[in-house]
Amino acid sequence: MTPSEPVWERRADAMLGIAASILLFGLMTITFADVVARYLLNRPIRGAFELTELGLLVLIFAGLPLVSHADEHVTMDFIDRILPQRMVDPWIRFMHAVCAALMFFLTWQIWIKAGTISGYGDTTDVLRIVLGPFIYFMAAMTALTGVVHVFKIFTPGAPRLQQGIT
């Protein structure tokens, strides 16, 4: 995050960071309590594994657009290094277009799967939590990631070498 970012971006990053921290703390608490209950009291928490799985799903997919927006995903810049300098920016824009297309394709496939799962009324085994909304959430966050990459086509940000990443 740079000082030149608009206020709404800084606020969104802060809000989402706080939400992620709360979610991580909740996951840590559930896991700790489950381990203590399981090994010291021989009474595991019913459904703790399911809550952990669903919490991780939310955490990972909610973070996907943030990581793309901040350009903090794993990148391989060996092609950038061999391209002439005038071609680096168009190459980065092209890669954002490819990423956007892949994200929209994945959104479509996840949305189809979400419809199937919702149609069957699938739930978790122990707590009977309905899975459909979680799969639709995955599709929505993947679509938002695609939108972020479309945005990056037109405003790709600072070149990686200026960001200190080599």
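Biologist: Which aspartate does the side chain of arginine 93 meet in a salt bridge?

Modeller: Keep in mind that this is a predicted model. Both partners sit in helix α4 (residues 85-120), 4 residues apart, so about one helical turn separates them. The N to O distance is 2.8 Å, and the partner of arginine 93 is aspartate 89.

Biologist: Are arginine 93 and aspartate 89 buried or exposed?

Modeller: Neither label quite fits, because buried needs under 20% relative accessible area and exposed needs over 50%. Arginine 93 comes out at 27%, and aspartate 89 at 33%. That puts both in between, so call them partly exposed.

Biologist: OK, how many salt bridges does the structure hold?

Modeller: One is the pair we just did, arginine 93 with aspartate 89. Another joins arginine 38 to aspartate 34 at 3.2 Å, N to O, and aspartate 71 pairs with lysine 152. The count for the structure is 3.

Biologist: What separates arginine 38 and aspartate 34 along their helix?

Modeller: They belong to helix α1 (residues 7-40). Arginine 38 is partly exposed at 36% relative accessible area, whereas aspartate 34 is buried at 11%. They are 4 residues apart, so what separates them is about one helical turn.

Biologist: And how many residues apart in sequence are the parts tied together by aspartate 71 and lysine 152?

Modeller: The closest N and O atoms of this salt bridge are 3.3 Å apart. Aspartate 71 is in the loop between α2 and α3 (78-82), while lysine 152 belongs to helix α5, so the pair ties together parts separated in sequence by 81 residues.

Biologist: Is lysine 152 buried or exposed?

Modeller: Its partner, aspartate 71, has a relative accessible area of 18% and is buried. For lysine 152 the relative accessibility is 6%, and the cut-off for buried is under 20%, so lysine 152 counts as buried.

Biologist: Are α2 and α5 roughly parallel or roughly antiparallel?

Modeller: Helix α2 (residues 48-69) packs with helix α5 (residues 132-154) at about 10°, and their axes are 8 Å apart. Angles under 35 degrees count as roughly parallel. The two helices are therefore roughly parallel.

Biologist: How many residues of the contact of α2 with α5 are nonpolar?

Modeller: On the α2 side the contact includes Leu54, Leu57, Val58 and Phe61, and on the α5 side Phe134, Phe137, Met138 and Met141 are among the residues. Lysine 152, the salt-bridge partner of aspartate 71, is also one of the α5 contact residues. The contact has 5 polar residues and 1 charged, and the nonpolar count is 13.

Definitions and conventions:
Residues numbered from 1 in each chain as written. Predicted model: local features only at pLDDT ≥ 70, side-chain atom pairs only at ≥ 80, totals over all residues. Heavy atoms only, no water. Axes fitted to C-alpha atoms, helices over the stretch in contact; angles between N-to-C directions. Parallel < 35°, antiparallel > 145°, perpendicular 65-115°, else oblique. Contact = heavy atoms within 4.5 Å. Nonpolar A, V, L, I, M, F, W, Y, C, P; charged D, E, K, R; others polar. Salt bridge = Lys/Arg side-chain N within 4 Å of Asp/Glu carboxyl O. Buried < 20%, exposed > 50% of the residue type's maximum accessible area, 1.4 Å probe, protein only.
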